[in-house]
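Colleague: I'm new to this structure and would love a close look at how its helices pack. Could you start there and then show me what lies around them?

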Amino acid sequence: MTIRTLLIANRGEIACRIARTARRLGIRTIAVYSEADAGSLHVESCDEAWPIGAAPARDSYLRGDVILDVAKRAGADAIHPGYGFLSENADFARACAEAGIIFVGPPASAIEAMGSKSAAKQLMEKAKVPLVPGYHGDRQEPAFLERQANRIGYPVLIKASAGGGGKGMKVVEQPADFAAQLASARREASASFGDDKVLIEKYLVRPRHVEIQVFADGHGNCLHLFERDCSVQRRHQKVIEEAPAPGMTGERRREMGDAAVAAARAISYVGAGTVEFIVDAAGDFFFMEMNTRLQVEHPVTEAITGLDLVEWQLHVSAGGTLPLTQDQLRINGHAFEARLYAEDPARGFVPQTGRLAALRFPTEGVRIDTGVREGDTVSVHYDPMIAKLIVHGADRTQALDRLVRALEATRVAGLATNIGFLAALARQPAFASGNVHTGFITEHEA
């Protein structure tokens with residue numbers, strides 16, 4: 001199979017980033033856009049563009065039927081969903097296959113297998129992938145779940161089975177609080193995902209969040225492209241990511257990589273995926289979930305491997321074999337990514353909307369992935385990310401120095417952003433030490 005024309009079913013920085021690789025490969029690109037995005041950078045970045053509906057995502061970027069119809073009419077060979085929106089929608093992946101259009105992502109069966117946290121953990125248990133002690137079954141009676149929490153031992157974490165982004169997630173410190181926190185988690189889960197099913201796990205104190213980039217083709221080959229440390233989070237949202245993880249030993253990297261590959265093989269995975277682990281203070285690691293798509297933080301993996309993961313996605317989706325083997329892969333240096341958002345740290349990081357009166361990035365020593373330009377408007381309808389700043393250095397110290405300088409040289413005017421917060425975080429001596437964990441920001445804000 002050959003991909004000659006690619007429809008990019010997304011917007012913003014990821015649509016621009018996909019278009020950049022496609023252009024380099026000589027692939028014609030088709031953008032889709034909502035009414036709010038008619039003059040956007042991702043539309044300008046593609047060879048042609050088609051309107052798909054009103055500004056709200058539910059009326060445009062989530063309309064798989066409309067997007068698939070555009071793909072057929074525009075003569076697309078393939079659809080790249082990016083991340084978010086339809087990227088982990090099994091029904092959309094299946095509809096693409098039925099229409100004879102390549103879905104640049106895993107098969108629908110793999111998306112479904114990892115779509116439920118409970119079902120995924122049952123699969124991982126069979127594949128002998130390490131799991132946090134917990135209950136991931138179907139029984140959901142409150143009294144039964146409370147008994148499971150008592151068995152696991154407090155503190156415990158209640159998580160929405162169908163969830164993500166911290167929605168439907170509650171830490172319970174003591175038995176007396178369990179019933180109220182369970183009810184709260186279920187309300188959030190139902191409102192956010194239409195499913196109030198939960199799972200319960202042992203809550204690890206000061207853990208690290210380390211994920212493994214995996215890649216598989218349709219010919220039985222599967223490998224990993226090392227790890228990323230995504231521990232620096234705020235309200236379960238990643239803020240600064242890095243690769244490789246600080247303090248990672250060669251032996252632990254092999255163990256985590258092997259576990260991630262086993263997870264991918266367990267669901268007959270194809271394409272780019274990320275297996276997320278939580279790591280305790282002793283260095284033991286446990287499976288959290290698998291994201292069946294490209295991740296926001298994929299550029300740090302590209303920086304340390306010298307590879308283009310979107311190019312690999314297109315190659316594998318078209319039926320090709322993985323370009324390299326595991327023993328051909330090497331880590332080169334260190335990389336960081338910082339997410340620049342239109343949000344106001346002084347007001348609880350509330351999202352900001354409005355016109356970017358000025359937007360200037362440094363031109364040397366930093367990769368900028370963005371979907372906006374000076375003069376553009378940050379809309380109320382979508383995620384308020386302005387850009388990702390990615391830096392690479394020979395080692396962590398050099399990369400961190402470049403990150404600080406890149407953040408300090410960035411200029412944004414017209415609305416509040418988190419740029420000062422990011423720069424202050426990157427300058428923290430505790431951050432420079434590499435001794436980070438998922439509560440790092442909360443601990444150092446206190």
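Modeller: Happily! A word on helix angles comes first: axes are lines fitted to C-alpha atoms, for helices over the stretch in contact, and angles run from 0 to 180 degrees between N-to-C directions. Please keep in mind that this is a predicted model.

With that in hand, look at helix α1, residues 12-24, and helix α11, residues 309-317: they pack at an angle of about 65 degrees, and their axes are 9 Å apart. Because angles of 65 to 115 degrees count as roughly perpendicular, α1 is roughly perpendicular to α11. The crossing of these two helices, α1 and α11, is right-handed. On the α1 side the contact involves Arg17, Ile18, Thr21 and Arg24, which meet Leu309, Val310, Glu311 and Leu314 of α11.

Now compare a second pair. Helix α4 (residues 90-98) and helix α5 (residues 108-115) pack at an angle of about 175 degrees, with 8 Å between their axes. That makes α4 roughly antiparallel to α5. Here Ala90, Ala93 and Arg94 of α4 make the contact with Ala108, Ile111 and Glu112 of α5.

Just ahead of α4 in the chain there is a residue to pause at. Phe85 is found in the loop between β4 (78-80) and α4, and its phi is near 45 degrees, a positive value in a residue other than glycine. Most residues other than glycine have a negative phi, and most peptide bonds are trans. With a relative accessibility of 28%, Phe85 counts as partly exposed. Phe349 also has a positive phi, of about 65 degrees, although it is not a glycine. Its loop runs between β16 (343-344) and β17 (350-351). Phe349 is buried, at 9% relative accessible area.

Two peptide bonds deserve a look as well. The one from Tyr154 to Pro155 is cis, with omega near 0 degrees, and Pro155 sits in the loop between α7 (142-152) and β7 (156-160). Another cis peptide bond joins Ala243 and Pro244, where omega is about -5 degrees. Pro244 lies in the loop between β12 and α9 (250-266).

From β12 we can step into the interior. In soluble globular proteins, nonpolar side chains tend to be buried together. The largest nonpolar core here has 34 residues, of which Val239, Ile240, Phe336, Ile386, Leu403, Leu407 and Phe431 touch the most other members. Two or more residues each come from β12 (237-243), β15 (334-341), β22 (385-393), α12 (396-409), α13 (419-427) and α15 (440-445). Leaving aside residues up to four places away in sequence, Ile240 touches Asp229, Val232, Phe336, Glu337, Ala338, Leu403, Leu422, Leu425 and Phe431. Apart from this core lies another, of 33 residues, including Ile27, Trp312, Leu314 and Leu322. You have already met Leu314: it is one of the α11 residues facing α1.

Let's finish at β22, the strand that holds Lys388. Is Lys388 buried or exposed? Its relative accessibility is 0%, so Lys388 counts as buried. The side chain of Lys388 makes a polar contact with the side chain of Tyr83, at 3.5 Å. Setting aside residues up to four places away in sequence, Lys388 touches several others, among them Glu13, Tyr83, His298, Glu337, Ala338, Arg367 and Asp369.

Notes: Residues are numbered from 1 along each chain as its sequence is written. This is a predicted model: local features need pLDDT of at least 70, side-chain atom pairs count only at pLDDT 80 or more; totals for chains, interfaces and linings use all residues. Side-chain values use heavy atoms; hydrogens and water are left out. A nonpolar core is a set of buried Ala, Val, Leu, Ile, Met, Phe, Trp, Tyr and Cys residues joined through side-chain atoms within 4.5 Å. Buried means under 20% relative accessible area, exposed over 50%, partly exposed in between (1.4 Å probe, protein chains only). Helices (H or I, at least four residues) and strands (E, at least two) are DSSP runs, numbered from the N terminus. Contact means heavy atoms within 4.5 Å. A polar contact is a pair of N or O atoms within 3.5 Å; within protein, one must be able to donate a hydrogen and the other to accept it, and residues adjacent in sequence count only if both atoms are side-chain atoms. Angles under 35 degrees count as roughly parallel, over 145 as roughly antiparallel, 65 to 115 as roughly perpendicular and the rest as oblique. A crossing is left-handed if the near helix is turned anticlockwise from the far one by less than a right angle, and right-handed if clockwise.
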